[in-house]
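Visitor: Before we begin, I should like to hear the reasoning behind each term you apply. Please show the structure, and then let us take the terms one at a time.

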Amino acid sequence: MSKSVNPCFVRKPFTFKNHDGTQTLIVSIPEVLDPQYGMYVWPCAVVLAQYVWTTRENLQKKTVLELGAGVSLPGIVAAKCGSQVILSDSAELPLCLRNCKRSCEVNNLPSVPVVGLTWGEVSPELISLPALDVILGSDVFYEPQDFEDVLVTVSFLLKRNPNGQFWTTYQERSTDWSIEALLHKWDLQCTNIPLDTFHANKSHLAGSTLPGNHTIQMMIVTRG
Ligand SMILES: C[S@@+](CC[C@H](N)C(=O)[O-])C[C@H]1O[C@@H](n2cnc3c(N)ncnc32)[C@H](O)[C@@H]1O
């Protein structure tokens, strides 16, 4: 169910519940009626947000960076669960950075910083990030030509934060695509987290039908 805010945006609600229904979190994500990538919630984001929600006790007071956040559902859930969150999207896509800010405003999170971070670029903004515990990336592996740039940024950040982890969800769009060789090249390793271990093996999640029939994988990437 979507509620109109003005002719250009819709607010989409997502409701996360724990298994026995005793705790609930509702966040509202404003989507832009525009076909560009960073303007609306992707199926992978719901799955990653569900992982954040189910592991929320370990995330309290942790510093979390979201890469390629777009409308930022996983980062917003992390912030609502008590993490110190920094949202980012490409420094070259100001409209996407505006979406990150809008999601913070709508969810009463005015102090969450939003920074421009372009994958593969070692910029002053990347260098001046604080120590990080978790990096989130939902559907950031969607254009094969960008896969290495994403991993260059992740590898840079995990070298500076050796105990850090990159939590990412990946939508299988082609069986030819793989990040295995690139993980090896950038000294990274990856563990697959089965969706049923965090109750995400469903076509409906958080009150949303977005996961649908898509094949989505959840992975945790660490230093090799
Ligand atoms: C498929 S969308 C996923 C958006 C959001 N994470 C989600 O799952 O709903 C990919 C996101 O990556 C961002 N992006 C694309 N190229 C980028 C780059 N070179 N550096 C940083 N972000 C980029 C886009 O602006 C967009 O927000």
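Guide: This is a predicted model. Let us start with helix 3: 7 of its 8 residues are buried, so helix 3 is largely enclosed by the rest of the structure.

Visitor: Which residues of helix 3 are buried?

Guide: They are Leu73, Pro74, Gly75, Ile76, Val77, Ala78 and Ala79. A residue is called buried if 20 or more other C-beta atoms lie within 10 Å of its own, and these residues of helix 3 are classed as buried. Just after helix 3, Gly82 has a positive phi of about 105 degrees.

Visitor: Why are helix 1 and helix 3 called roughly parallel?

Guide: The axes of helix 1 (residues 43-54) and helix 3 (residues 73-80) cross at roughly 15 degrees. Angles under 35 degrees count as roughly parallel, and helix 1 and helix 3 are therefore roughly parallel to each other. Their axes come within 8 Å, and the crossing is right-handed.

Visitor: What makes up the contact between helix 1 and helix 3?

Guide: From helix 1 come Ala45, Val46, Leu48, Ala49, Val52 and Trp53, which meet Leu73, Pro74, Val77 and Ala78 of helix 3. Ala, Val, Leu, Trp and Pro are among the kinds that count as nonpolar. The contact accordingly divides into 10 nonpolar residues, no polar and no charged.

Visitor: Where does helix 1 lie with respect to the strands?

Guide: Helix 1 lies across strand 7, strand 8 and strand 10 (216-223), and runs at about 145 degrees to strand 8.

Visitor: How do you know that strand 7 and strand 8 pair?

Guide: Two strands pair if at least two bridges are found between them. Strand 7 (residues 134-138) and strand 8 (residues 165-171) are joined by 5 bridges, so the criterion is met, and the two strands run parallel. Gly137, for instance, has Thr168 in strand 8 as its bridge partner.

Visitor: What is the order of the strands in the open sheet?

Guide: The sheet has 7 strands in the order 6-5-4-7-8-10-9, and its pairing is mixed. What makes strand 6 (114-116) and strand 9 (188-193) edge strands is that each pairs on one side only. From one strand to the next, the twist averages 25 degrees.

Visitor: Why is strand 9 described as hardly covered?

Guide: Among the 6 residues of strand 9, the count of buried residues is 0. Strand 9 nevertheless pairs with strand 10 in the antiparallel sense, over 6 bridges. There Asn192 stands opposite Met219 in strand 10.

Definitions and conventions:
Residues numbered from 1 in each chain as written. Predicted model: local features only at pLDDT ≥ 70, side-chain atom pairs only at ≥ 80, totals over all residues. Helix = DSSP H or I, 4+ residues; strand = E, 2+ residues; numbered from the N terminus. Axes fitted to C-alpha atoms, helices over the stretch in contact; angles between N-to-C directions. Contact = placed C-beta atoms within 7 Å. Parallel < 35°, antiparallel > 145°, perpendicular 65-115°, else oblique. Left-handed = near helix turned anticlockwise from the far one by under 90°. Buried ≥ 20, exposed ≤ 12 C-beta atoms within 10 Å, placed from the backbone.
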